[in-house]
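User: Please take a close look at how the helices pack in this model. Keep it brisk, and give the cut-offs as you go.

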Amino acid sequence: MNVAKGGYRVFSANSTPACTELSKKITERLGVELGKSVVYQESNRETRVEIKESVRGQTIFIIQTIPRDVNTAIMELLIMAYALKTSCAKNIIGVIPYFPYSKQCKMRKRGSIVCKLLASMLAKAGLTHIITMDLHQKEIQGFFTFPVDNLRASPFLVQYIQEEIPDYRNAIIVAKSPSAAKRAQSFAERLRLGLAVMHGEAQCSESDMADGRHSPPCVRNTFGHSGLELPLMMAKEKPPITVVGDVGGRIAIIVDDIIDDVEDFVATAEILKERGAYKIYVMATHGLLSADAPRLIEESAIDEVVVTNTVPHEVQKLQCPKIKTVDVSMILAEAIRRIHNGESMAYLFRNITVDD
């Protein structure tokens with residue numbers, strides 16, 4: 001039976017077996033079985049969810065990892081949450097290690113803040129709480145009308161550096177753009193290492209994207225009233241690529257929160273090699289590794305890419321042996337246990353600062 005002490009149950013909302021691996025690891029640590037449910041796609045690609053056991057009055061945790069088919073995974077989560085809500089579950093808590101659409105959390109031109117829309121959809125479907133990890137922007141928590149626990153993977157990555165990188169004391173932490181400098185600084189301070197920042201025309205950070213809505217310029221109207229002549233903002237012109245910090249003869253460790261398209265990481269690695277770094281690691285929480293990422297990594301100057309298992313990437317690992325995985329099921333399982341037992345979550349955020 002999947003009835004844990006005090007009445008909580010754990011379900012997986014994924015329809016593909018590869019995406020249930022993290023769910024199995026979490027339930028093994030908790031000592032419970034996955035809830036009995038069926039999630040599948042019909043011939044017309046509609047998602048269907050069937051709950052195969054009673055959940056009345058129970059606290060339910062839905063574990064949903066996000067594969068490449070992001071929109072299908074979202075629908076699976078929404079439909080399962082709504083099915084549990086209509087089956088009279090007491091609380092429905094989503095465990096979403098990688099929160100999708102998190103990069104679309106700012107207004108761009110006449111676009112939309114899709115992350116806010118997704119937060120509203122999850123609340124409407126019946127979720128009452130979310131456990132996630134390393135949100136792309138911490139301010140995303142403000143989009144929700146219910147509690148959000150944003151766990152950190154950095155302790156696991158720091159431990160990997162200390163245990164798996166020989167002579168890590170001769171390493172330097174690298175931010176591939178100024179926008180990633182805070183995260184890199186956090187790693188550098190905890191490992192007592194130096195910090196280097198990439199800056200220049202080869203970088204294209206999110207902060208440089210055109211913001212606001214493009215409107216036509218003010219013109220003189222036919223009634224003779226002069227239009228407002230607002231001061232014109234000068235266009236940005238980035239300097240030639242530079243590395244702020246000495247990487248010569250050092251191990252370079254590039255840190256970020258997401259590795260998706262890897263062109264920027266590959267370009268950064270080449271520059272670091274030119275500057276004298278003799279070994280290059282890339283570390284991130286979420287390894288999306290889209291498109292030709294495995295091939296590009298294999299052919300690049302990068303020696304190793306280390307990501308957690310918040311996103312399934314077994315296929316990419318088969319294509320590129322440089323990709324290594326750090327298991328974070330321990331902290332997710334502990335978060336579930338503490339929330340169910342009403343214990344403080346402070347233990348999971350020991351020594352975590354605002355910049356982490």
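Analyst: Helix packing comes first, then a buried helix and two loop residues. This is a predicted model: local features need pLDDT of at least 70, side-chain atom pairs count only at pLDDT 80 or more, and totals for chains, interfaces and linings use all residues. Residues are numbered from 1 along each chain as its sequence is written, and side-chain values use heavy atoms, with hydrogens and water left out.

Start with helix 1 (residues 21-30) and helix 9 (residues 329-341). Their axes are 9 Å apart, and the packing angle is about 55 degrees. Axes are lines fitted to C-alpha atoms, for helices over the stretch in contact; angles run from 0 to 180 degrees between N-to-C directions. Helices (H or I, at least four residues) and strands (E, at least two) are DSSP runs, numbered from the N terminus. The angle makes helix 1 oblique to helix 9. Angles under 35 degrees count as roughly parallel, over 145 as roughly antiparallel, 65 to 115 as roughly perpendicular and the rest as oblique.

Helix 1 contributes Leu22, Lys25, Ile26, Arg29 and Leu30; they meet Ser329, Met330, Leu332, Ala333, Ile336 and Arg337 of helix 9. Contact means heavy atoms within 4.5 Å. By class, this contact has seven nonpolar, one polar and three charged residues. Ala, Val, Leu, Ile, Met, Phe, Trp, Tyr, Cys and Pro count as nonpolar, Asp, Glu, Lys and Arg as charged, and the others, Gly among them, as polar.

Now helix 2 (residues 70-86) and helix 3 (residues 114-125). Their axes come within 8 Å and cross at roughly 25 degrees. Helix 2 and helix 3 are therefore roughly parallel. Ile74, Leu77, Leu78, Ala81, Tyr82 and Lys85 of helix 2 touch Leu118, Met121, Leu122, Lys124 and Ala125 of helix 3. Nine of these residues are nonpolar, none polar and two charged.

Helix 4 (residues 154-164) has Ser154, Phe156, Leu157, Val158, Tyr160 and Ile161 buried. Buried means under 20% relative accessible area, exposed over 50%, partly exposed in between (1.4 Å probe, protein chains only). The cover over these residues includes helix 5 (181-191), strand 11 (251-259) and helix 9.

Two loop residues remain. Arg45, between strand 2 (37-41) and strand 3 (47-51), has a positive phi near 75 degrees. Arg45 is exposed, at 54% relative accessible area. Leu289, between strand 12 (279-287) and helix 7 (293-298), has a positive phi near 50 degrees. Leu289 is buried, at 0%.
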